[in-house]
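These are my notebook entries on a structure that I had not examined before. I record what I looked up, entry by entry.

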Amino acid sequence: MGATQAHAAFDQHAHDHRDCIDAALAAAEDVCARHGGQLTKTRRRVLELIWAHRKPVGAYQLLDDLSRERGRVAPPTIYRAIDFLLDRGLIHRIESLNAFVGCHHPRERHSGCFLICRACGATAEMVDTRLDRALTAAAADVAFRVERQTVEMRGLCPVCTPDGATGDPVAH
Ligand SMILES: [Zn+2]
Ligand SMILES: [Zn+2]
Ligand SMILES: [Zn+2]
């Protein structure tokens, strides 16, 4: 089940991504209405920019994007917006890239599990509750209480993996 979802998430080249962005913004309004906090214009725009990039995006890139639209924007403006979006589960931080991606299912509490393509940079979030439970249980076995859990796996996405081959990635 999880593998199927991950594959679907990687299949990002053949759809109207505007639909994804609109769905993400609608979900964000919904989450804020239910759990408090205002989706201010800046927070909303930062979320939209993160989604528009399609790939994990760093804070400096977002600062650049927003400054181009509004004139000089102070870094704390971006960091506060990012903190809010992280706190509401609307985006995830990819630790190994120090970058952010939009979450496809912000209404459900879950930990992040990411597949990151080393060739093209595409990233897919995999939701697999069995994995969550297994990791939490393994930590509990050694009396460790997990507060935050992010799994990041590097490899090749379906586009960069030649059919039936295990060798070199295809350029695209
Ligand atoms: Zn999309
Ligand atoms: Zn997520
Ligand atoms: Zn790839």
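The entries below take up the metal sites, the largest pocket, two backbone positions and the aromatic rings.

**Entry 1. Status of the model.** I note at the outset that this is a predicted model.

**Entry 2. Zinc ion (ligand 1).** I looked up which protein atoms hold this ion. The donors are His15 through NE2, His17 through ND1 and Cys20 through SG, and they lie 2.0 to 2.2 Å from the zinc ion (ligand 1). Along the chain I read their spacing as H-x1-H-x2-C. I also checked the accessibility of His15: its relative accessible area is 32%, so I entered His15 as partly exposed.

**Entry 3. Zinc ion (ligand 2).** I turned next to the site where His92 (NE2), Cys103 (SG), His110 (NE2) and Glu125 coordinate the zinc ion (ligand 2) at 2.0 to 2.5 Å. Glu125 is listed twice, each time with an OE atom. The spacing of these donors along the chain is H-x10-C-x6-H-x14-E. Which parts of the chain do His92 and Glu125 tie together? I found His92 in strand 1 and Glu125 in strand 4, so the pair joins parts that are 33 residues apart in sequence. I recorded both His92 and Glu125 as buried.

**Entry 4. Zinc ion (ligand 3).** Here I found Cys117, Cys120, Cys157 and Cys160 as the protein donors, each through SG, at 2.3 to 2.4 Å from the zinc ion (ligand 3). The spacing reads C-x2-C-x36-C-x2-C. Why is the arrangement around the zinc ion (ligand 3) called tetrahedral? The 4 donor atoms subtend angles of 105 to 112°, and this makes it tetrahedral. I then placed two of the donors: Cys120 is in the loop between strand 3 (112-117) and strand 4 (123-125), while Cys160 is in the segment after strand 5 (150-155), so this pair ties together parts 40 residues apart in sequence. I noted Cys120 as buried because its relative accessible area is 17%, under the 20% limit for that class. Cys160 also counts as buried, at 1% relative accessibility.

**Entry 5. The largest pocket.** I noted a volume of about 620 Å³ for the largest pocket. It is lined by 23 residues, and those closest to its centre are Leu86, Gly89, His92, Arg109 and His110. Two of these names, His92 and His110, I had already entered as donors of the zinc ion (ligand 2). Helix 2 (17-35), helix 5 (75-87), strand 1 (91-94) and strand 3 each give two or more residues to the lining. Strand 1 has the largest share, with 3 residues.

**Entry 6. Positive phi angles.** Most residues other than glycine have a negative phi, and I therefore looked up the exceptions. Arg54 has a positive phi of about 70° although it is not a glycine. I located Arg54 in the loop between helix 3 (41-53) and helix 4 (59-70); at 33% relative accessibility, Arg54 counts as partly exposed. Ala143, likewise not a glycine, has a positive phi of about 60°. I found Ala143 in the loop between helix 6 (129-141) and strand 5. Is Ala143 buried or exposed? At 73% relative accessibility, Ala143 counts as exposed.

**Entry 7. Aromatic rings.** I searched for aromatic pairs and recorded 0 in the structure. I did find Arg43 over the face of Phe84, at 3.8 Å from the ring centre.

Definitions and conventions: Residues are numbered from 1 along each chain as its sequence is written. Chains are lettered from A and ligands numbered from 1 in the order in which they are written. This is a predicted model: local features need pLDDT of at least 70, side-chain atom pairs count only at pLDDT 80 or more; totals for chains, interfaces and linings use all residues. Side-chain values use heavy atoms; hydrogens and water are left out. Rings of Phe, Tyr and Trp (its six-membered ring) pair if their centres lie within 6.5 Å; planes under 30 degrees apart count as stacked, over 60 as edge-to-face and the rest as tilted. A charge sits over a ring if NZ of Lys or CZ of Arg is within 6 Å of the ring centre and within 35 degrees of the ring normal. Donors are N, O and S atoms within 2.8 Å of the metal (3.2 Å for Na, K and Ca); water is not among the atoms, so sites may look incomplete. Four donors count as tetrahedral if all angles lie between 85 and 135 degrees; four count as square planar and six as octahedral if opposite donors are over 155 degrees apart and all others between 65 and 115; anything else is irregular. Helices (H or I, at least four residues) and strands (E, at least two) are DSSP runs, numbered from the N terminus. Buried means under 20% relative accessible area, exposed over 50%, partly exposed in between (1.4 Å probe, protein chains only). On a 1 Å grid over the protein atoms alone, a cavity is a set of points where a 1.4 Å probe fits but cannot get out, and a pocket is an open set with protein on both sides within 12 Å along at least five of seven lines; lining residues have an atom within 4 Å of a point. Grid points are joined across faces, edges and corners, and a volume is the space filled by probe spheres set on the points.
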